[in-house]
Amino acid sequence: MQRINLWLNPKFDPTGFHVVKKGGDISKYMTGGTLANTRGEYIDLPFACEVGVEYVCTFRIVSNDTTNKSIGIFSGVTVEYPSAQTVGKYTIRFTPIANDTRLAVPSGMAISELSVEAADTYDAALGGGGFRASSRGTRCHAIKATRRAGDVR
């Protein structure tokens, strides 16, 4: 499956997608690959998510000067928050219950590296594929080449 980021401007390029329902033109808050919310109120970043399907949102909090305000995914009357509100990389798993799914970024917070994708493609990309470098059938190349119990040749 192909990974598709549902946030249309993941690099926060001011000339890219930058008009949102709540907040209007947010291009002035985008610089150097980050969205720095200095509006005084939340900026909602909408996602075109299918109701009932699980998604994964990842982002990096670059700075946080908020007081008692949290970044979170809102859908209908539900909200999902990351494990913390401090500087760092976060992942939120969510299943929308309405067609109004959005990431609400509080005033005083800057984020980067925003990605929203279906959970199945996210999980496959992180856990799928690859190979094991050794197995029980691969002989150990120890300095002592003596045969041990259970050694396979």
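T58 has its place in strand β6, and this residue offers a convenient entry into the structure, which is a predicted model. With a relative accessibility of 10%, T58 counts as buried, because burial is assigned under 20% relative accessible area. Leaving aside residues up to four places away in sequence, T58 touches K89, Y90, T91, E113, L114, S115 and Y122.

The wider setting is a protein chain of 153 residues, of which buried residues make up 35%. Its secondary structure amounts to one helix and 11 strands, and along the sequence these elements follow the pattern β-β-β-β-β-β-β-β-β-β-β-α. Contacts between residues at least 6 apart in sequence can be divided further: 69% of them join residues at least 24 apart. The accessible surface of the protein chain is about 9,200 Å², and carbon and sulfur atoms account for 53% of that area.

The strands may now be taken sheet by sheet. Strands of a sheet pair through backbone hydrogen bonds, either parallel or antiparallel. The sheet that contains β6 is open and has five strands, in the order β3-β4-β11-β6-β9, with antiparallel pairing. Its edges are formed by β3 (30–31) and β9 (88–94), each of which pairs on one side only. At one of these edges, β3 is joined to β4 (residues 34–36) by two bridges in the antiparallel sense; here T31 has T34 of β4 as its bridge partner. Helix α1 (residues 119–127) packs on this sheet, where it touches β6 (55–64), β9 and β11 (109–118). The direction of α1 makes about 95° with that of β11.

A further open sheet consists of four strands in the order β5-β10-β7-β8, and its pairing is likewise antiparallel. The edge strands in this case are β5 (43–46) and β8 (78–80), each pairing on one side only. On average, and with direction ignored, neighbouring strands of this sheet are turned by 30° against each other. Between β5 and β10 (residues 102–105), which run antiparallel, there are four bridges. Within β10, V105 is the bridge partner of I43.

Aromatic side chains add another level of detail. A pair of aromatic rings is described by the distance of the centres and the angle of the planes. With centres within 6.5 Å as the criterion, the count comes to five aromatic pairs. One of them joins Y55 and F94, whose ring centres are 5.8 Å apart and whose planes meet at 25°, so the pair is stacked. Because Y55 belongs to strand β6 and F94 to strand β9, this pair ties together parts that are 39 residues apart in sequence. Both residues are buried: the relative accessible area is 6% for Y55 and 4% for F94.

The rings of F59 and Y90 also form a pair, with centres 6.2 Å apart and planes at 40°, so this pair is tilted. F59 lies in strand β6 and Y90 in strand β9, and the pair therefore connects parts that are 31 residues apart in sequence. F59 and Y90 are both buried. Y90 has already appeared above among the residues that T58 touches. Elsewhere in the chain, ring pairs link W7, F12, F17 and F47 into a cluster.

Methods:
Residues numbered from 1 in each chain as written. Predicted model: local features only at pLDDT ≥ 70, side-chain atom pairs only at ≥ 80, totals over all residues. Heavy atoms only, no water. Pairing = 2+ DSSP bridges. Contact = heavy atoms within 4.5 Å. Axes fitted to C-alpha atoms, helices over the stretch in contact; angles between N-to-C directions. Buried < 20%, exposed > 50% of the residue type's maximum accessible area, 1.4 Å probe, protein only. Areas by Shrake-Rupley, 256 points an atom, 1.4 Å probe, with all protein chains shown as cover. Phe/Tyr/Trp six-rings, centres within 6.5 Å; stacked < 30°, edge-to-face > 60°.
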